[in-house]
Amino acid sequence: MSLNTMTCILMKFHSCFLCVSTALIYGCPFCGVRFSSRRTLEAHLQYYCSKKPADFVSLADLQQRLQQQALELQTSHTAAIDQEYGK
Ligand SMILES: [Zn+2]
């Protein structure tokens with residue numbers, strides 16, 4: 001078996017594996033419906049989702065806000081610890 005054939009088989013297996021493992025990994029954070037691509041999810045969020053909040057702008061914006069929230073949570077948590085042990 002040549003190296004090319006090996007690579008070809010590996011690639012074939014790899015893409016199949018990728019197809020399976022990446023299928024339906026994009027879930028709507030509001031209604032839980034899953035999509036196979038980010039574009040489909042974005043379209044769903046933009047036009048079709050019936051459970052999205054009124055202030056929803058875009059997926060990128062949502063991710064940014066969640067990140068900001070996590071950061072604020074972390075900061076307030078650290079501040080609480082400082083208060084408790086800082087005395
Ligand atoms: Zn949805």
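A residue is called exposed if 12 or fewer other C-beta atoms lie within 10 Å of its own, and buried if 20 or more do. Keep that in mind while you look at this chain, which is a predicted model. By that yardstick, buried residues make up just 2% of the chain's 87 residues.

**How the chain is laid out**
- You'll find three helices and two strands here.
- Starting at the N terminus, the order goes α-β-β-α-α.
- Take the contacts between residues at least 6 apart in sequence: 3% of them join residues at least 24 apart.

**How confident the predictor is**
- The chain's mean pLDDT comes out at 79, with 71% of the residues at 70 or more.
- Which element has the lowest mean pLDDT, and which the highest? Helix H1 (residues 3-22) sits at the bottom with 55, while helix H2 (residues 38-48) tops the list with 92.

**A look at helix H3**
- Helix H3 covers residues 59-85, so its 27 residues should span 39 Å at 1.5 Å a residue.
- The C-alpha atoms at the two ends of H3 are indeed 39 Å apart, which agrees with that expectation.
- How many of the 27 residues in H3 are buried? The count is zero, so to speak of cover, H3 has hardly any.

**Zooming in on arginine 38**
- Arginine 38 belongs to helix H2.
- Is arginine 38 buried or exposed? Arginine 38 counts as exposed, because it has 11 C-beta neighbours inside 10 Å, and the cut-off for exposed is 12 or fewer.
- Arginine 38 and leucine 24 are 14 residues apart along the chain, and their C-alpha atoms are separated by 9.6 Å.

How values were computed:
Residues numbered from 1 in each chain as written. Predicted model: local features only at pLDDT ≥ 70, side-chain atom pairs only at ≥ 80, totals over all residues. Helix = DSSP H or I, 4+ residues; strand = E, 2+ residues; numbered from the N terminus. Contact = placed C-beta atoms within 7 Å. pLDDT = per-residue confidence, 0-100. Expected span 1.5 Å × (residues − 1).
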